[in-house]
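Visitor: I am new to this structure. Please show it to me, and then I will ask about it.

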Amino acid sequence: MWRISADLRCFSVDLLLNNYMHKLLAIAHNTFKETIRDRILYNILIFSILLIAFSHFLIALDIGGDEKIVVDLSLACISIFGVLIAIFIGIGLVYKEIEKRTIYTILSKPVSRPVFLLGKYLGLLMTLLVNVAIMTAVMYAVLAFTRRGIDLSILKAVFLIYIELMLITAISFFFSSFTTPTMAAIFSLSFFIIGHVTETLEVLGQKSGVASVKYLTSGIYHVLPDLNYFNIRAEIVHSLPVTIKQIWFSAMYGVFYIAIFYFLAIMIFSRKDFK
Amino acid sequence: MPAAIKIEGLNKIFRVGFWGRRFEAVKDLDFEVGAGELFGFLGPNGAGKTTTIKMIMGLLYPTRGQAWILGKNSRDVAIRARVGYLPESPYFYDHLKGAEFLDFYGKLFAIPAPKRRKKIGELLELVGITRAADLPLRKYSKGMLQRIGLAQALINDPELIVLDEPMTGLDPVGRREIRDIILKLKQEGKTVFFSTHILPDVEMICDRIAILNQGRLVNIGPLGSLLSPRVKYYEISFSGLAGEKLKDLSAWVSNILQDGALTRARVEKEDDKDRIISWILKEKGRVDSVLSHRESLEEYFLGQVDINNADKRG
Ligand SMILES: Nc1ncnc2c1ncn2[C@@H]1O[C@H](COP(=O)(O)OP(=O)(O)OP(=O)(O)O)[C@@H](O)[C@H]1O
Ligand SMILES: [Mg+2]
């Protein structure tokens, strides 16, 4: 227990006294430069841009769709491809530093491990932000040609998708702090999928009438984050009202879980031996 | 003034293999490095030098015992603002250019931009890679990486510099340059602690050395006190005497070597040396040289490691 408190004290001292902002930004900026060059990123980005453009093509062919398809498909792209980037780059970031031993010189500087981890995390978030921004811009470019035009309320959905990406990134960092990249990818993806069906699971569990199943599904529902909080795509596509309060609640819900996973990740990472 | 490095009962056990077998890489190490010392950390491959250094830098946590740097526990992050470290065969972000790379490390110390720029210029000059400032590290040679590695260790003007084999991968010229830099750091009053295999470098510059073998400290002290000042043997080279005359000599000197016109005789005692010389002169031969051979660090090192290993087996 004293080690945890020592870590926390060291962390807070670092945050308050050691010009941590400079260091944090230096690491984040460097991580951004590193990840923005990643080939995975380009492949995913090009693919999703083609898909969004293709949705417009569907309307043009008049296969019975309207501009709702563009919004729906674009938001789905931003979310799914964002998640893939968050997971597949997220799991490798810290692992690669250890594997390539670049971490030795960084952690031997006055940079605490929590600050290092946070810097890497923020760097990837910057890359994700650029990525989401590009896809959103492509979506609006396509929408501009439809009756819906530039509808800013869609940004509400994009905002929550980004919060979800922040959470998924934190989860992939958490898993990669103690397993191999492959295992971390599998766990993170499972987490993403379970997070979207956990509500349904709970409802089904209640209906099943079996006590043990009920407890299990409601246990999962209450412990793991319910990622449906971040999904307001249906409402936005159909132009249904979404209150600002609802959005803030979801965002806070996300930040709460991000804090938990970041905390767990630094607990593990701070104990690590770099061999 | 606290010791630059203080190591107390330091111990590291690794778990190896599937079954997690215990392997004790560093065993109850105790020693201190005083402020301003130039300290050589010696030991054969696998002795535990890198493991010890990583514990000093807080990259590995000791299984038992403690390491202190500049009076603070090695877990203390803030103290590293006053320390520089070059890891063994260092790896860096290879997408960065030389100057960018140093700039990044400067930022990790929150050094303000103008000061950073000035320092980077000086360091590139010091380690002799100014020309490669705009070259990505991916294109650096092994020796250049070693040099920029040393530069990053000095970016914060550290009081204590810890170098893990700073001379590996360098040609003789490079080795001399690094040696000169280390000496210069010492003159500036800094403490330098470095591990190495290259014994002549240690012999030339270190104030004190420690020898590590199989995780244990074998010996520690100033070079002069470790190496025996006693002459091991004398070697007398002479010419102008041959055949029968030499036979007389071999009656009381066992170690005689014929090398063309030159003859070499080795004796251990000073009396024997004097006797041979007067004999040569009496027989009208010519003495070309007399060398007294003292123990070298290399012999001492090999001797210590041998004794140590024999003890283990015996
Ligand atoms: N992560 C690890 N797991 C298991 N054993 C290790 C680990 N790291 C080092 N060792 C073992 O500990 C011993 C000491 O290794 P270390 O790297 O400290 O030696 P060294 O003195 O630096 O050697 P060299 O001169 O070759 O660099 C070696 O026997 C090595 O095999
Ligand atoms: Mg080593």
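Visitor: How many salt bridges does the rule find across the interface of chain B and chain A?

Guide: This is a predicted model, in which local features need pLDDT of at least 70, side-chain atom pairs count only at pLDDT 80 or more, and totals for chains, interfaces and linings use all residues. Side-chain values use heavy atoms, with hydrogens and water left out, residues are numbered from 1 along each chain as its sequence is written, and chains are lettered from A and ligands numbered from 1 in the order in which they are written. A salt bridge is a side-chain nitrogen of Lys or Arg within 4 Å of a carboxyl oxygen of Asp or Glu. Across this interface, the number found is 1.

Visitor: Which side chain meets B:Lys12 in a salt bridge?

Guide: Side chains of opposite charge can pair when their charged atoms come close. For B:Lys12 the N to O distance is 2.5 Å. The partner is A:Asp273.

Visitor: What area do chain B and chain A bury between them?

Guide: Buried area is the accessible area (1.4 Å probe) that two parts lose on being put together, summed over both. Here 58% of it is on carbon and sulfur atoms. The total is about 3000 Å².

Visitor: Which three residues supply 22% of the area that chain B buries against chain A?

Guide: No other three residues supply more of that area. They are B:Leu59, B:Tyr93 and B:Leu108.

Visitor: How many residues of chain A are in contact with chain B?

Guide: Contact means heavy atoms within 4.5 Å. On the side of chain B, 29 residues take part. On chain A the number is 36.

Visitor: How far apart along the chain are A:Lys120 and A:Glu34?

Guide: Their side chains meet in a salt bridge (3.3 Å, N to O). A:Lys120 lies in helix α6 (residues 113-143) of chain A, and A:Glu34 in helix α2 (residues 20-35) of chain A. Helices here are DSSP runs (H or I, at least four residues), numbered from the N terminus. The two are 86 residues apart.
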